[in-house]
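User: I should like a close look at the mixed sheet in this model and at a histidine in one of its strands. Please set that part in its surroundings as well, in terms a first-year student can follow.

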Amino acid sequence: MTFLSIRLDNSKIISNFVASSKYAIFMNIKDYKPRICDMELQEQLEASGAVLIEGAKWCGKTYTARHAAQSALFMQDRDNSKRYKQIAATKPSLLLEGETPRLIDEWEEAPVLWDAVRFAVDMRGEVGQFILTGSATPKDDGRNIDMADEERRMHTGVGRIAPLRMRTMSLWESGESNGKVSLQSLFDEQPDIAAISDLTIEQLAYAICRGGWPASIKLTERAALRMAKNYIEEVIRFDIHRVDGVEKNPLRVRKLLESYARNISTMASNETLMADVRATDQTIAANTFASYMTALRRIFIIDEVPAWSPALRSKTTIRTSPKRHFADPSIATALMRTSPQGLFKDFNTFGLLFEDLCARDLRVYAQALDGDVFHYHDKKELECDLVIALHDGRWAAVEVKLGMNEEDEAAKHLLKLSQDIDEQRMLKPSFLMILTGGQYAYRREDGVFVVPIGCLKN
C-alpha cells in the first residue's frame, strides 16, 4: 500500500514509501474498542481544518486517529523516520499528501510539520484535512519551536488546528462500568436514579492497579499489571529526556515521581514535594525541581486538577493550589510498588487512589459534555473533591468516598457548598453527588445522589 510518492520535480520520483503491516492505516482493527472521544474527534473534524490529539503515551491516540483517518504518516516508523525528517526539513508539504483526513502521528518528531499543516489548511480552505497526534508537548507548548537555521515563532494554529485531549480508558470505555447512570442525564436534572454496580471492591482495586491503558484490557492479570511498571520505567529512562532534549538524573526523576505518588489526590505544595526529594537528594535546586515538573506535565504524566473559584454569598479566601493527580491511577500504584492485594492493607491510600481514578473518569465524561473538572477548598476548610463545570454555566459538586461510612458527612459538605453559592451571580448546582466504590445508585432524602463509579458513564 503506497502512502507517499516524493518528487523532486514533475517527472522524477525520488522515493516511494511503502507502509509495513505494522503501520498500515487500512488494516482491519478488529480489536478497536470505541472511545468516548471518537464523537469529539468527528465533531472537531467537521469544524476545523485539523485536529491535534494530545495525551499520555499508550493512551490510545494513534488507534483512535487511525480509526478516523483515510491515510497516515507515522513519524516514529524507524524504517523511514530518518527520510521523513529529511523531507520535513526541505519540503514538508510532501509529507501531507494523501487522502483526508490524513493522520500525522507523533508530529513533534518534526515540529516544522505544525506550520506545514497550518499553511495547508489555509490554502485548502476545507475542514477535516488532518489529524495530528502527540504524546509530548514540544518546548513552549509546541507553538514556539526553534528551526534548524533560523529563529522564528510558529503560528499558534488558532482557528486551524483544534486541540483534543485524550486520556486513558474510563471504566465505561473498558467495559467495567455498566453505564446505568448517565452524567448527561444528571445535568438534565433527572429526578431519580436506581441502579446496581457489577463492580466488586476487588475488581475496583485491580482496575486501579491495571489502569486504563487500552493495550492492557485484554491481557492476563499478571501481564496487565506489568504494563504500568514498564510504562513508568520508560518515562524515567527515555521520555522525560526526549521532551526537551535535556538529560535528567533518573534517580531524581524517580524520587520526584514517588513523592508525587505519595501525595496523590492532595494539595501538597511544591515545597512539600521538594522537601521529600531532598530527604535523599539534598543538592536538588528549586529551578531543577521546576524543570522536572514542567517536563512531566509536557509528557502528560502529571494531570493536576485546578482549583474552582465560584461566586459566593460571603467573602472567604479560596485556596488556589491544584490537586495532585496522575494521568492514570496505575502510575501511582507502580511507583508505590503495590498491588490489588496491597491496597487492602492500607485503606487510606486505597481511598486516595480511588479518587485519582474518579478524577480521570469524570474528566473523560465531562469533556464529552463540553466541561472541565476542578476541586474546591476554602480557608474555613470546606472542601469538595471534584467540581464538574460545563461551559454553559451548569455545574455539579462531587464528593468521592470509597466506602459508605462517610456518606452523611460528605452530603453535609455538598449541601453547605450549595448553600454558600451566590445564585444571583451563577446557577445553582444541577446536582450534588457522592461517587462511591459501592454497589447501589440512589437519591437520598436530602436530594444528594449516591452513584457507584461502576454505574457511571458520560
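Analyst: The account below begins with the mixed sheet, turns to the histidine, and then moves to other parts of the chain. The model is a predicted one.

Strands of a sheet pair through backbone hydrogen bonds, and the pairing is either parallel or antiparallel. In the part requested, 7 strands make up an open sheet with mixed pairing. Read across the sheet, their order is 9-14-15-13-12-11-10. The edges are held by strand 9 (195-196) and strand 10 (371-377). Each of these two has a single partner strand, so one side of each is left without a neighbour in the sheet.

Within this sheet, strand 11 (residues 383-390) and strand 12 (residues 395-401) are joined by 4 bridges and pair in the antiparallel sense. One position shows how the two strands face each other: Val-387 is placed opposite Ala-397 in strand 12. A helix also belongs to this picture, since helix 15 (residues 407-420) packs on the sheet. Helix 15 touches strand 10, strand 11, strand 12, strand 13 (431-436), strand 14 (440-443) and strand 15 (449-452). The direction of helix 15 makes about 155 degrees with that of strand 13.

The histidine is His-377, and its place is in strand 10, which is one of the edge strands. Is His-377 buried or exposed? The relative accessible area of His-377 is 6%. Buried means under 20%, so His-377 counts as buried. Its side chain forms a polar contact of 2.9 Å with the side chain of Glu-381. Leaving aside residues up to four places away in sequence, His-377 touches Met-267, Ile-318, Arg-319, Leu-382 and Glu-383.

A second sheet can be set beside this one. It is open, has 5 strands in the order 4-5-6-3-7, and its pairing is parallel. Strand 4 (71-74) and strand 7 (161-165) stand at its edges, and each has a single partner strand, so one side of each lacks a neighbour in the sheet. On average, neighbouring strands of this parallel sheet are turned by 20 degrees against each other, direction ignored. Strand 5 (residues 102-105) and strand 6 (residues 130-134) run parallel and are joined by 3 bridges. Among the positions involved, Ile-104 has Leu-132 in strand 6 as its bridge partner.

The loops on either side of strand 5 hold two backbone details. Pro-101 is found in the loop between helix 3 (81-90) and strand 5, and the peptide bond from Thr-100 to Pro-101 is cis, with omega near 0 degrees. Glu-106 lies in the loop between strand 5 and helix 4 (112-124). Although Glu-106 is not a glycine, it has a positive phi of about 55 degrees. Glu-106 counts as buried, at 7% relative accessibility.

Arg-337 also has a positive phi of about 55 degrees without being a glycine. Arg-337 lies in the loop between helix 12 (329-336) and helix 13 (340-343), and it counts as exposed at 59% relative accessibility.

Finally, there is the largest pocket, with a volume of about 900 Å³. Its lining has 28 residues, and Trp-58, Gly-60, Thr-62, Tyr-63 and Ala-215 lie nearest its centre. Helix 2 (61-68) and helix 8 (221-242) are the elements that give two or more residues to this lining. Helix 2 gives the most, with 5 residues.

Notes: Residues are numbered from 1 along each chain as its sequence is written. This is a predicted model: local features need pLDDT of at least 70, side-chain atom pairs count only at pLDDT 80 or more; totals for chains, interfaces and linings use all residues. Side-chain values use heavy atoms; hydrogens and water are left out. Two strands pair if DSSP finds at least two bridges between them. Axes are lines fitted to C-alpha atoms, for helices over the stretch in contact, and angles run from 0 to 180 degrees between N-to-C directions. Contact means heavy atoms within 4.5 Å. Buried means under 20% relative accessible area, exposed over 50%, partly exposed in between (1.4 Å probe, protein chains only). A polar contact is a pair of N or O atoms within 3.5 Å; within protein, one must be able to donate a hydrogen and the other to accept it, and residues adjacent in sequence count only if both atoms are side-chain atoms. On a 1 Å grid over the protein atoms alone, a cavity is a set of points where a 1.4 Å probe fits but cannot get out, and a pocket is an open set with protein on both sides within 12 Å along at least five of seven lines; lining residues have an atom within 4 Å of a point. Grid points are joined across faces, edges and corners, and a volume is the space filled by probe spheres set on the points.
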